[in-house]
Amino acid sequence: MEYAGSSLEMGDGVSDASSVDNGVNSICRGRWSEMVFKKAPQIVVLALERQVFDFLGYQWAPILANFFHIIIVILGLFGTIQYRPRYIVVYTVWAALWVAWNVFIICFYLDVGGLSKDSDLLTFNISAHRSWWSEHGPGCVRREVPQAPRVHTTESHAYITVMGCLMDYQYIEVMHSGTQILVALLGFVYACYVVSAITEEEDSFDFIGGFDPFPLYHVNEKPSHLLLKPMYLST
């Protein structure tokens, strides 16, 4: 009877730990989900906005970078909602790389470090396209001057002149990159905070078996027939 009583008490302890574990999971996931839904729209909208204008300007290098950025952002959001710290760490590393990439873009458009905004680096030397903002910036007037009739080419080209722009296109690109850097830094700090909070929650509830894949009680989990097996002593 003593064995049966101890086994029943142990069963109650396991069920209590399981219920506490489920409660903590629900609270933590609700907290992270609420924080994600407040910050996620800003990051996603800015990433998509950057991708659209790079597509319009045929900037192939930024297009690829933006594509990976969107994928990693989605992965980080999934990791936060599903309580997966490893995915959040991946986003944290990418946020640092994203900051470095946007610093490079700023240097490119400001002609810093031997870079030149007039080069075809961002288009992989495939085309001579420039930023979409170079012809469609605020206040810009775009005029096309056709080629002289005596010039015969296989394709019809036109010389384009842009006048009256209120702001040079390179400064618009710099503002875009600066915004991306600011958002990436905020995302980096937020991701570090989430990973730290998840780790603290795991450590604080390990003593009851919460979040531990091998709970405290797994050592004593044995079949009931072993716990209730009678013992006979010879006299």
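Confidence in this predicted model averages a pLDDT of 75 over the chain, with 63% of the residues at 70 or more. Among the elements of the chain, the highest mean pLDDT, 95, belongs to helix H3 (residues 85-109), whereas helix H6 (residues 224-227) has the lowest, 48. Two stretches fall below 50. In residues 17-24 the pLDDT is below 50, and the model gives this stretch 9 contacts beyond near neighbours in sequence. The pLDDT is likewise under 50 over residues 152-156, where the model has 1 contact beyond four places in sequence. Predicted coordinates should not be read in detail where pLDDT is low.

The chain comprises 6 helices and 2 strands. Along the sequence these elements are arranged in the pattern α-α-α-α-β-β-α-α. The chain has 235 residues, of which 31% count as buried. Of the contacts with a separation of 6 or more, 65% are between residues 24 or more positions apart.

Helix H3, the element with the highest mean pLDDT, contains Asn-102. Asn-102 counts as buried because its relative accessibility is 0%, under the 20% limit for that class. Beyond its neighbours within four places in sequence, Asn-102 is in contact with Arg-50, Ser-177, Gln-180 and Ile-181. One of these partners, Arg-50, falls within the residue range 2-56 of helix H1.

A search of the whole structure returned 11 aromatic pairs. One of them joins Phe-53 and Trp-133, whose ring centres are 4.7 Å apart and whose planes meet at 35°, a tilted arrangement. This pair links distant parts of the chain, since Phe-53 belongs to helix H1 (residues 2-56) and Trp-133 to helix H4 (residues 133-136), 80 residues apart. The two partners fall into separate accessibility classes: Phe-53 is partly exposed, with a relative accessible area of 21%, while Trp-133 is buried, with a relative accessible area of 14%. The assignments follow from the 20% limit below which a residue counts as buried, because Phe-53 has a value of 21% and Trp-133 one of 14%.

A further tilted pair is formed by Phe-78 and Tyr-87, with 5.8 Å between the ring centres and 35° between the planes. Phe-78 is partly exposed at a relative accessible area of 38%, and Tyr-87 is also partly exposed, at 29% relative accessibility. In addition, one aromatic cluster is made up of Trp-101, Phe-104, Phe-108, Tyr-109 and Tyr-169. Among its members, Trp-101, Phe-104, Phe-108 and Tyr-109 lie within the residue range of helix H3 (residues 85-109).

The structure holds 5 cavities of 30 Å³ or more. The second largest cavity has a volume of about 50 Å³. Its lining includes Phe-108 and Tyr-109, both of which also belong to the aromatic cluster. The other residues lining the second largest cavity are Gln-59, Lys-117, Ser-119, Leu-122, Thr-123, His-129, Arg-130 and Ser-131. By class, this lining consists of 3 nonpolar, 5 polar and 2 charged residues.

Terms used. Residues are numbered from 1 along each chain as its sequence is written. This is a predicted model: local features need pLDDT of at least 70, side-chain atom pairs count only at pLDDT 80 or more; totals for chains, interfaces and linings use all residues. Side-chain values use heavy atoms; hydrogens and water are left out. Rings of Phe, Tyr and Trp (its six-membered ring) pair if their centres lie within 6.5 Å; planes under 30 degrees apart count as stacked, over 60 as edge-to-face and the rest as tilted. Helices (H or I, at least four residues) and strands (E, at least two) are DSSP runs, numbered from the N terminus. Buried means under 20% relative accessible area, exposed over 50%, partly exposed in between (1.4 Å probe, protein chains only). On a 1 Å grid over the protein atoms alone, a cavity is a set of points where a 1.4 Å probe fits but cannot get out, and a pocket is an open set with protein on both sides within 12 Å along at least five of seven lines; lining residues have an atom within 4 Å of a point. Grid points are joined across faces, edges and corners, and a volume is the space filled by probe spheres set on the points. Ala, Val, Leu, Ile, Met, Phe, Trp, Tyr, Cys and Pro count as nonpolar, Asp, Glu, Lys and Arg as charged, and the others, Gly among them, as polar. pLDDT is the predictor's confidence in each residue, from 0 to 100. Contact means heavy atoms within 4.5 Å.
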